[in-house]
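The following exercises are to be worked through with the sequence and the model side by side. Each one sets a task and is followed by a stepwise solution.

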Amino acid sequence: DSMPVRNRGNPLYHAEYNVTHFFMKATESHVRHNFSRGFPCPGQIYNHIPGDEWLGRKDMNLARLRQYHDRFQALRVVDEERTHEEIDDEQLCFRVDSFMPVSYRLHDRTECLAFFEQLAPLVLMMQRRALNSTTIPGEPLVQFDRSQYVYAERRKVLYIVKVGHLSHNAKGIQLITVRGALNLWHEFGGGRECGLQQADPFIVQQYIDDPVLLDGHKIDLRMYLVIASTKPMLAFYYPGFVRRAMQPYDSTTRDKKSHITNTQLAKDDKRFMTNETARSMQMATLDALQEQLLAEGYTSDPSYVHKELVPQIKRYMIHLVNAVDAEGDLYRREGLYSVYGLDFMLDSSLHLWFIEANRSPSYQ
C-alpha cells in the first residue's frame, strides 16, 4: 500500500504518476480518493474492482441472486410442444433457495412481507398456547408445520440475522430463537410496518440446523475466488480451508462459538494465539475434511471432496460471477483484479450451501 496513512481519509489525495501497483485494504479506495478519471491507467493495476459491492455486500448480493434466479425461471416457461428432454440442462440449473439458505431483506417491502407470512403460523401457535386456547377471537386459522412445535419446545435457533454491509468478523450477527422471532414480529407489527420504517439493511436467513458435524463441532468452508481480470473476464478457484466452531454444536444455545466458525472469534480467545492445538482444531485442510467425512460416515467415497465437492464449489463460483456480471455491475477495464473469501456450508445430506462472499479477506 503506497498511500501514506495520514492521507487515507483525504479525498483529494493524488497518487504519483509512476505508481504501478495499488494494493489497498479498503475496498472502495477508488471512491474515497481522486486518483484520475482514467484510473487505472495503462501499466497500472489495482486490487479492487469497482462495482463488486454487488458480490461482497450481503444485501446487494442477495438482490442479484434473486434476479439471476428469475432469469433461469423465465427460461422454464417453454412452448407446450417442447419436451423436458429438449430443454437445455443449463436452463434448469439455478434456484436461489437451493443455492443459499432462504433469506429475506427486511428493508425490502416484498421480502419483508414474505418473511412475516412465513413466520405467521409459528406466532399464531405461540399466541394460542399463551392463551391456553384453540382459537383467538378475530384471528384467522393458519396452517403450520408441526415441526415448529419442536422448535418451540427446544428453543432452537430458527434464524440468523446479519447486517447487510459494513459488518465483519462475526459482528452484527444475531441468533434468533422463538423469543427473538416474536420480538421481530412485534417490532414490525406482524408485517404491517414493512416498507414504512427506515430499516437498516438487515438480512434474516433461515438457520441450517442439521450441519455436518466433525467431532461434534460445526464446520464451514472458506474458499477463495480470484477475479484476475474483468476485461476479459477471468475468474479462478483457489483452495482454502475448513473452519470449525470453537465450541461443540448445540442447536439450543445462543453462544456464537457453537454456531459461528469465523476465525476472529477464535482469535479473540487467547488460547487461539497461544495454543497451537487450538489453532489446528479450528482450521483444517480439504484432505483432512475428506478423512473426517469418511470417519464420521457422511460419505463412503474416498474421492468425494476432490471429485464432487470442489467441482460443485467451482460451479457455485461461476453462478456468483455470472449473477453480477450479467447486470454489468463489475467495471470492465484492464488492470483490475480482486480476491474474495467465499463461505460455504454442508448439511448432513452433503448439500452445499453458499453463505456469503467477503471482499478483502484476511489471509492470516
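**Exercise 1. The two sides of a helix**

On the other side of helix α7 from its buried residues, Arg179 and His186 are exposed. The model is a predicted one. Task: determine which residues of α7 are buried, and where they lie around the axis.

Solution.
- Step 1. Helix α7 spans residues 178-187, and its buried residues are Val178, Gly180, Ala181, Leu184 and Trp185.
- Step 2. These residues lie on the same side of α7, because they cover an arc of only 160 degrees around the axis.
- Step 3. Just after α7, Gly189 adopts a positive phi of about 60 degrees.

**Exercise 2. Aromatic contacts**

Task: state how many aromatic pairs the whole structure contains, and describe the geometry of the pair formed by Phe116 and Trp185.

Solution.
- Step 1. Searching the whole structure gives 13 aromatic pairs.
- Step 2. For Phe116 and Trp185, the ring centres are 6.0 Å apart and the planes make an angle of 70 degrees. Planes over 60 degrees apart count as edge-to-face, so the pair of Phe116 and Trp185 is edge-to-face.
- Step 3. Phe116 belongs to helix α5 (residues 109-131) and Trp185 to helix α7; with their positions 69 residues apart, the pair links distant parts of the chain.
- Step 4. Both Phe116 and Trp185 are buried.
- Step 5. Elsewhere, one aromatic cluster is formed by Tyr68, Phe72, Phe94, Phe99, Tyr316, Phe344 and Phe354.
- Step 6. A charged side chain also meets a ring: Arg64 lies over the face of Trp54, 3.6 Å from the ring centre.

**Exercise 3. The disulfide**

Task: identify which cysteines the disulfide joins, and establish where in the chain they are located.

Solution.
- Step 1. The structure holds one disulfide.
- Step 2. The disulfide joins Cys112 to Cys194, with an S to S distance of 2.0 Å.
- Step 3. The angle about the S-S bond is -65 degrees, and the link of Cys112 and Cys194 is left-handed.
- Step 4. Cys112 is in helix α5, whereas Cys194 is in the loop between α7 and β6 (202-206); the two are 82 residues apart, and the pair links distant parts of the chain.
- Step 5. Cys112 and Cys194 are both buried.

**Exercise 4. The nonpolar cores**

Task: find how many residues the largest nonpolar core has, and which element gives the most to this core.

Solution.
- Step 1. The largest nonpolar core has 48 residues. Those with the most contacts inside this core are Leu65, Leu221, Leu289, Leu309, Leu342, Phe344 and Phe354.
- Step 2. Two or more residues of this core come from each of α3 (58-75), α4 (96-99), β8 (217-230), α12 (286-295), α13 (304-325), β11 (338-346) and β12 (352-359).
- Step 3. Helix α13 gives the most to this core, with eleven residues.
- Step 4. Beyond its neighbours within four places in sequence, Leu289 is in contact with Leu214, Ile219, Leu221, Val242, Val305 and Leu309.
- Step 5. A second, separate core has 21 residues, among them Leu106, Cys112, Val161 and Ile176.
- Step 6. As a general background, nonpolar side chains tend to be buried together in soluble globular proteins.

**Exercise 5. Three residues in their surroundings**

Task: decide whether Ala63, Glu111 and Gly240 are each buried or partly exposed, and list what each touches, not counting residues up to four places away in sequence.

Solution.
- Step 1. Ala63 lies in helix α3. Buried means under 20% relative accessible area, so Ala63, at 14%, counts as buried.
- Step 2. Ala63 touches Trp54 and Arg105. The C-alpha atoms of Ala63 and Val324 are 9.8 Å apart, although 261 residues separate the two along the chain.
- Step 3. Glu111 is in helix α5. With a relative accessible area of 7%, Glu111 is buried.
- Step 4. Glu111 touches Leu62, Arg66, Ser103, Tyr104 and Arg105.
- Step 5. Gly240 is in strand β9 (residues 233-244). With a relative accessible area of 22%, Gly240 is partly exposed.
- Step 6. Gly240 touches Arg222, Met223 and Tyr224. Gly240 and Tyr224 are 16 residues apart in sequence and 6.1 Å apart from C-alpha to C-alpha.

Methods:
Residues are numbered from 1 along each chain as its sequence is written. This is a predicted model: local features need pLDDT of at least 70, side-chain atom pairs count only at pLDDT 80 or more; totals for chains, interfaces and linings use all residues. Side-chain values use heavy atoms; hydrogens and water are left out. Helices (H or I, at least four residues) and strands (E, at least two) are DSSP runs, numbered from the N terminus. Buried means under 20% relative accessible area, exposed over 50%, partly exposed in between (1.4 Å probe, protein chains only). Contact means heavy atoms within 4.5 Å. The arc is that of the directions from the helix axis to the C-beta atoms. Rings of Phe, Tyr and Trp (its six-membered ring) pair if their centres lie within 6.5 Å; planes under 30 degrees apart count as stacked, over 60 as edge-to-face and the rest as tilted. A charge sits over a ring if NZ of Lys or CZ of Arg is within 6 Å of the ring centre and within 35 degrees of the ring normal. A nonpolar core is a set of buried Ala, Val, Leu, Ile, Met, Phe, Trp, Tyr and Cys residues joined through side-chain atoms within 4.5 Å. A disulfide is a pair of cysteine sulfur atoms within 2.5 Å.
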